[in-house]
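Visitor: I'm new to this. Could you show me how to read aromatic contacts?
Guide: Sure, let's look at the model together.

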Amino acid sequence: MEQMEQSGETCYSLCRGKFLELLKEGRWEYVRRVNANGAVMIVAVTEDGELLLVEEYRVPLHARTIGLPAGISGDEGEESTLQSARRELEEETGYRADAWTYLFTGPSSPGLTTEMVSFYLAEGLHQISEGGGVAHENITVHRIPLPLVHGWLMDQTGQGKVVDPKIFMGLYFLSRSVNGVGLEE
């Protein structure tokens, strides 16, 4: 068991895998992302006003999930979060964006993991492939008109799918945009 010092408490590594490490610090057990520098999430809206959402099976939940295009940053070598966002958008949805706006970085689940997620707004989209992710991901891409997103998500929940609540954070950022680009001050 590896021992580390953080914030006054001794932190012990209980188990380390390729992507995650389980730590114990005082009474807390939590996970640290290893071999990466965080995660990215993309709020992507087409010229027709459709939000791009992705659906895939997630093993920890044993369910199909609906979320924003997203992925790990730095897991394929040195790259900025913006480079990761560009790569993930293309891999998962088959779209590229002409304009990117950094929105916010915050914890994905502060009581469970040290992972930080950087959100980006992607605009000026053009489709270059079918998307679907890499190798085993089997991602389905959904283009949902913005006025219908909430109802569509509730319908998906009714069908037994799990909806990532971070979609609603993405919608919040869209509601704060000025002329479709950037955030109000």
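Guide: Start with one aromatic cluster, made up of Phe104, Phe119, Tyr172 and Phe173. This is a predicted model, where local features need pLDDT of at least 70, side-chain atom pairs count only at pLDDT 80 or more, and totals for chains, interfaces and linings use all residues. Residues are numbered from 1 along each chain as its sequence is written, and side-chain values use heavy atoms, leaving out hydrogens and water.

Visitor: What makes two rings a pair, and how many aromatic pairs does the structure hold?
Guide: Rings of Phe, Tyr and Trp (its six-membered ring) pair if their centres lie within 6.5 Å; planes under 30 degrees apart are stacked, over 60 edge-to-face, and the rest tilted. The structure has 5 aromatic pairs. One of them is tilted: phenylalanine 104 with phenylalanine 173, at 6.2 Å centre to centre and 40° between the planes.

Visitor: Which parts does that pair tie together?
Guide: Phenylalanine 104 sits in strand β9 (residues 95-107) and phenylalanine 173 in helix α3 (residues 166-175), so the pair joins parts 69 residues apart in sequence. Helices (H or I, at least four residues) and strands (E, at least two) are DSSP runs, numbered from the N terminus.

Visitor: Is phenylalanine 173 buried or exposed?
Guide: Buried means under 20% relative accessible area, exposed over 50%, and partly exposed in between (1.4 Å probe, protein chains only). Phenylalanine 173 has 9% relative accessibility, so it counts as buried. Phenylalanine 119 also pairs with phenylalanine 173, again tilted, at 5.9 Å centre to centre and 55° between the planes.
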